[in-house]
Amino acid sequence: MRVPYRSLINISSTNDQIQEELYKLQTMQTRVFIVHMSSPMGSTLFLNAKEVGMMSEGYVWIMTSGVADMVDSFSPRVIRAMKGALGVRLHLPRTDELDDFTTRWKKRFHEDNDNPKELVSSEPSIYALWAYDTIYALAMAVENLGVEITQSGYDPTPSQPLYLPVRSMGPQLLRALLNIKFQGLAGNFELKGGQLHHTAFEIINVVGKGIREVGYWTEDQGLSKQLEHVRNSKMHSTLQQNLNPIIWPGESTTVPKGWEMPVSGRKLRVGVIKGSYAEFMNVEVDPATNAIIPSGYAVEVFHQSINRLPFGLQYEYQLFGDISQADSLTYDDLVYQVHLENYDVAIGDITIRYNRTLYADFSVPYTESGVAMIVPVKQAANKNALIISQPLTKSLWITSCIVAILAGFAQLLGEPSLWKTPESLKFDDILTFLQLSMLSYQEKLESIPSKMISIAMFFLLLVLKSCYTANLFSMLTVQHLQPTVTDLHDLILNGENVGYGKGSFVEGLLLQQLNFQKSKIKGYNVEHWHEALENRSVAAIVDEVPYIKSFLTKHCNSYTMIPLYMTAGFGYAFPKDSPLVPYISRAILNITGGDDIIRIEKAYIGDKTCPNSRDIIGESNSLGLDSFWVLFLVAGAFCIVSLLYIPIQKKLTNGTKKDGSEPDANQKGSNNNNNDVKKPDSNPEGSNNNDGSEPNANQEGSNTNDGNVPSNNNAGNKPSANKEAIETSSQPSLI
């Protein structure tokens with residue numbers, strides 16, 4: 001816990017001096033006060049706080065054990081002034097020994113005091129119980145040592161009435177006392193590091209005419225309503241829900257927010273400087289009144305945030321430095337002034353960075369984050385002779401050819417009716433089936449597997465053709481731009497100059513993290529960015545994304561943005577533990593989550609968009625295999641299934657032939673297996689004789705095996721010229 005202010009009150013201070021210090025506290029924002037003092041001073045403080053109106057609603061008073069342990073002994077007048085205060089004190093477990101001691105204490109107390117009614121309380125305080133337990137522990141230690149202590153040598157004097165001589169057994173007695181452990185009246189008595197070890201504390205709330213316990217706290221389990229629950233719990237809790245309801249000052253049950261605007265009327269001091277980007281932060285001074293007039297994106301968001309607060313807040317702008325010193329001042333300097341409490345808040349296009357959060361708190365960012373670089377763009381070279389191959393990637397071309405060849409081969413094997421034997425298969429047949437596969441014709445196909453392949457290939461080629469045509473048309477007609485640089489490290493290797501926004505933390509980023517040479521980086525104001533890039537003074541400019549997007553709204557046709565790193569964005573800086581941070585942050589989230597932030601951007605940055613932003617590319621937009629792998633998978637599956645089906649179909653066909661009858665010996669074109677010499681006839685339709693005799697002119701392909709000149713037919717009749725005559729001999733031929 002951080003305590004931003006400590007108010008010291010002397011023990012001899014009068015009521016006027018105490019009230020003067022209380023009035024000083026009223027001028028501050030905080031309304032939470034921790035009272036850490038003795039009980040007499042605490043009672044006096046609360047009486048004066050009640051008188052100046054600081055025990056009303058909205059205040060929080062928390063007492064440490066110095067005051068909380070003695071609340072029971074305060075007068076009713078002090079208790080009434082303390083209504084709503086909280087306190088933390090040691091928990092005293094109620095035991096029979098404690099009750100018996102309390103009874104004896106009260107009896108002795110009334111005997112020793114003539115008018116006990118004038119006394120506030122006759123209950124023994126925690127200090128009385130500690131004293132009793134300490135004497136008891138000391139007696140146990142002496143008893144454990146087995147020695148007898150006498151008063152010999154003890155001679156107090158008026159100047160030293162409490163003088164005790166040092167005895168030789170002192171160290172032994174100390175070690176024995178440190179080892180003493182027992183259950184005393186004030187709880188477990190155990191010395192750790194020379195101090196009493198406390199295990200449980202109770203949280204009290206001053207209400208009515210006394211106090212009540214609202215909960216307990218232990219080191220291991222945290223807060224709880226009941227101590228038994230704390231001992232049985234395994235979780236550490238810091239939630240207020242684990243306490244009983246609390247009555248706050250002013251008899252309010254609403255939890256105070258802990259801070260208010262100072263009653264002195266001092267306005268919130270808002271520190272500003274003239275920024276490098278007028279669209280985000282600009283400051284002017286009225287020459288007549290010297291009034292500070294800030295403007296810009298950051299100022300408008302701050303105005304909207306203040307208007308959304310659940311309470312009124314008055315503020316005034318204060319210029320850090322002078323307008324003429326704007327170039328020499330940085331936001332690091334302004335944020336540090338907030339740390340020194342010269343300002344209550346600093347606004348502007350302040351990047352939330354780690355080193356700044358060490359001495360200031362920030363609101364949530366109100367802009368997008370990131371560091372990027374601006375690079376020129378160039379026309380992509382897409383008017384070359386090989387552009388017809390660019391709509392599809394190389395892998396897609398190769399895969400298409402492989403699938404087409406596989407489909408053609410599968411169809412070739414599935415159509416045996418178009419070719420008889422492998423010897424009769426010609427190159428023209430192979431080209432025909434490749435053509436069938438690529439063009440997906442079905443008129444010449446007869447088998448079912450071939451038709452299935454044709455359907456799959458037709459659908460695949462239809463999709464490829466449509467995509468190819470559309471992509472080629474886009475390449476030939478749409479303008480494509482490419483960035484001249486895509487990697488900042490390439491600029492380091494090539495020794496190129498790089499620019500950055502003047503006054504930005506990006507300079508340190510380039511030097512310390514990216515290891516640029518000091519001579520290779522140049523700072524420019526935003527109005528000189530275009531000139532520096534155009535005349536090639538720098539190859540790129542590195543800055544934060546909001547600045548770059550603002551620049552691109554005016555030069556989007558010539559440059560593009562390359563993202564580099566992430567940052568936290570722009571925010572507002574507050575002193576550490578400022579109570580305004582959560583309220584301003586919630587207001588910013590309300591603005592950025594609606595249409596108001598869009599309206600502010602249009603007013604200060606502009607709403608012009610780059611028309612060619614979609615066409616700025618860094619790599620090829622050719623269609624790849626990943627877009628069509630499902631189609632190729634289906635087509636390949638059809639081919640594989642067809643190839644597996646062809647052998648099964650052949651086996652079924654051969655089995656059917658074996659079950660049928662043998663062909664007749666007198667069928668067309670039959671030959672006998674004798675060894676007669678065949679002599680071809682000059683007549684194309686003549687038959688061959690095996691005996692060397694001349695065949696009949698009207699016979700067609702008949703053979704004789706008897707070696708004689710055959711007659712016209714077996715019956716002596718001359719056969720018709722249009723009939724086929726097949727003669728066989730009933731006797732075997734003689735060689």
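This passage looks at a surface charge patch, two loop asparagines and a buried aspartate in a predicted model.

Starting with the surface, a patch of positive charge brings together Lys-50, Arg-77, Arg-80, Lys-83 and Lys-209. One of these, Arg-77, sits in helix α4, which spans residues 76-81. Arg-77 counts as exposed because its relative accessibility is 53%, and the cut-off for that label is over 50%.

Next come the backbone oddities. Most residues other than glycine have a negative phi. Asn-290, though, has a positive phi, near 60°. Its home is the loop that links β11 (282-285) to β12 (292-295), and with a relative accessible area of 58%, Asn-290 is exposed. Asn-515 also turns up with a positive phi near 60°. Here the setting is the loop between helix α16 (506-513) and strand β19 (521-524). Asn-515 has a relative accessible area of 56%, so this residue is exposed.

Away from these exposed spots, Asp-349 belongs to strand β14, residues 345-351. What is the nearest side chain of opposite charge to this buried residue? For Asp-349 that is Arg-356, 8.7 Å away, and Asp-349 has no salt bridge. The distance fits that result, because a salt bridge calls for a side-chain nitrogen of Lys or Arg within 4 Å of a carboxyl oxygen. The Asp-349 side chain does have polar partners, however: a polar contact at 2.4 Å joins it to the side chain of Tyr-331, and another, at 2.5 Å, joins the Asp-349 side chain to that of Tyr-547.

Terms used:
Residues are numbered from 1 along each chain as its sequence is written. This is a predicted model: local features need pLDDT of at least 70, side-chain atom pairs count only at pLDDT 80 or more; totals for chains, interfaces and linings use all residues. Side-chain values use heavy atoms; hydrogens and water are left out. Patches are made of residues with over 30% relative accessible area and no salt bridge: like charges are joined within 9 Å, nonpolar side chains (Val, Leu, Ile, Met, Phe, Trp, Tyr) within 5 Å. Accessible areas come from the Shrake-Rupley method with a 1.4 Å probe; for residues, only the protein chains shown count as cover. Lys and Arg count as positive and Asp and Glu as negative; His and the chain ends are not counted. The place of a charge is taken as NZ of Lys, CZ of Arg, CG of Asp or CD of Glu. Helices (H or I, at least four residues) and strands (E, at least two) are DSSP runs, numbered from the N terminus. Buried means under 20% relative accessible area, exposed over 50%, partly exposed in between (1.4 Å probe, protein chains only). A polar contact is a pair of N or O atoms within 3.5 Å; within protein, one must be able to donate a hydrogen and the other to accept it, and residues adjacent in sequence count only if both atoms are side-chain atoms.
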